[in-house]
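Biologist: Could you take me on a close look at one part of this model, the open sheet and the loops beside it? I'd like to hear how the strands are arranged and what stands out in the backbone there.

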Amino acid sequence: QVQLVESGGGLVQAGGSLILSCAASGISISNYGMGWFRQAPGKEREFVAAINWSGRTTDYGDSVKGRFTISRDTAKNTVYLQMNSLKPEDSAIYYCAAGNFGRIVSAYGYWGQGTQVTVSS
């Protein structure tokens, strides 16, 4: 049974930082592309960041490039999203996903339950 469990969300002031974690079980993240997506109320799920199976390739959405960093710890089977210089428009539920490396939702077959990030102005 595959599980992806996100943690680390919360309330932060604009300009602040948060680190999200995604702990995987039932799969090895070394064999999957891992992605972060977010969804704000009334909006479609948006690509945030991804890291490929080898860990050597990363990709970022235009709105977060230069502010967010995706990384992984294969020993802990965990993927991270370091979020700096947060803006109110970054507020959303953040989802972790496992599947093929890519920017589209359909590239990923496994999803976590999400963690809420709220950035106050």
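**The open sheet and its loops**

Modeller: Happy to! Let's start with Ser-85, which has 43% relative accessibility and so counts as partly exposed, since that class lies between the 20% and 50% cut-offs. Please keep in mind that this is a predicted model. Ser-85 sits in the loop between β8 and β9 (92-99), and its phi is positive, about 50°, although the residue is not a glycine.

Now look at the loop between β7 (68-73) and β8 (78-83), where you will find Asn-77. Asn-77 is another non-glycine residue with a positive phi, in this case near 55°. With 14% relative accessibility, Asn-77 counts as buried, because the cut-off for that class is under 20%.

From these loops we can move to the sheet itself. It is an open sheet of 4 strands in the order β1-β3-β8-β7, with antiparallel pairing. β1 (3-7) and β7 each have a single partner strand and stand at the edges, so one side of each lacks a neighbour in the sheet. On average, neighbouring strands here are turned by 15° against each other, with direction ignored.

Within that order, let's zoom in on β3 and β8. Strand β3 (residues 18-25) runs antiparallel to β8 and is joined to it by 6 bridges. To find your way along this pair on screen, pick Ile-19: the residue opposite it is Gln-82 in β8. As general background, strands of a sheet pair through backbone hydrogen bonds, in either a parallel or an antiparallel way.

Notes
Residues numbered from 1 in each chain as written. Predicted model: local features only at pLDDT ≥ 70, side-chain atom pairs only at ≥ 80, totals over all residues. Heavy atoms only, no water. Helix = DSSP H or I, 4+ residues; strand = E, 2+ residues; numbered from the N terminus. Buried < 20%, exposed > 50% of the residue type's maximum accessible area, 1.4 Å probe, protein only. Pairing = 2+ DSSP bridges. Axes fitted to C-alpha atoms, helices over the stretch in contact; angles between N-to-C directions.
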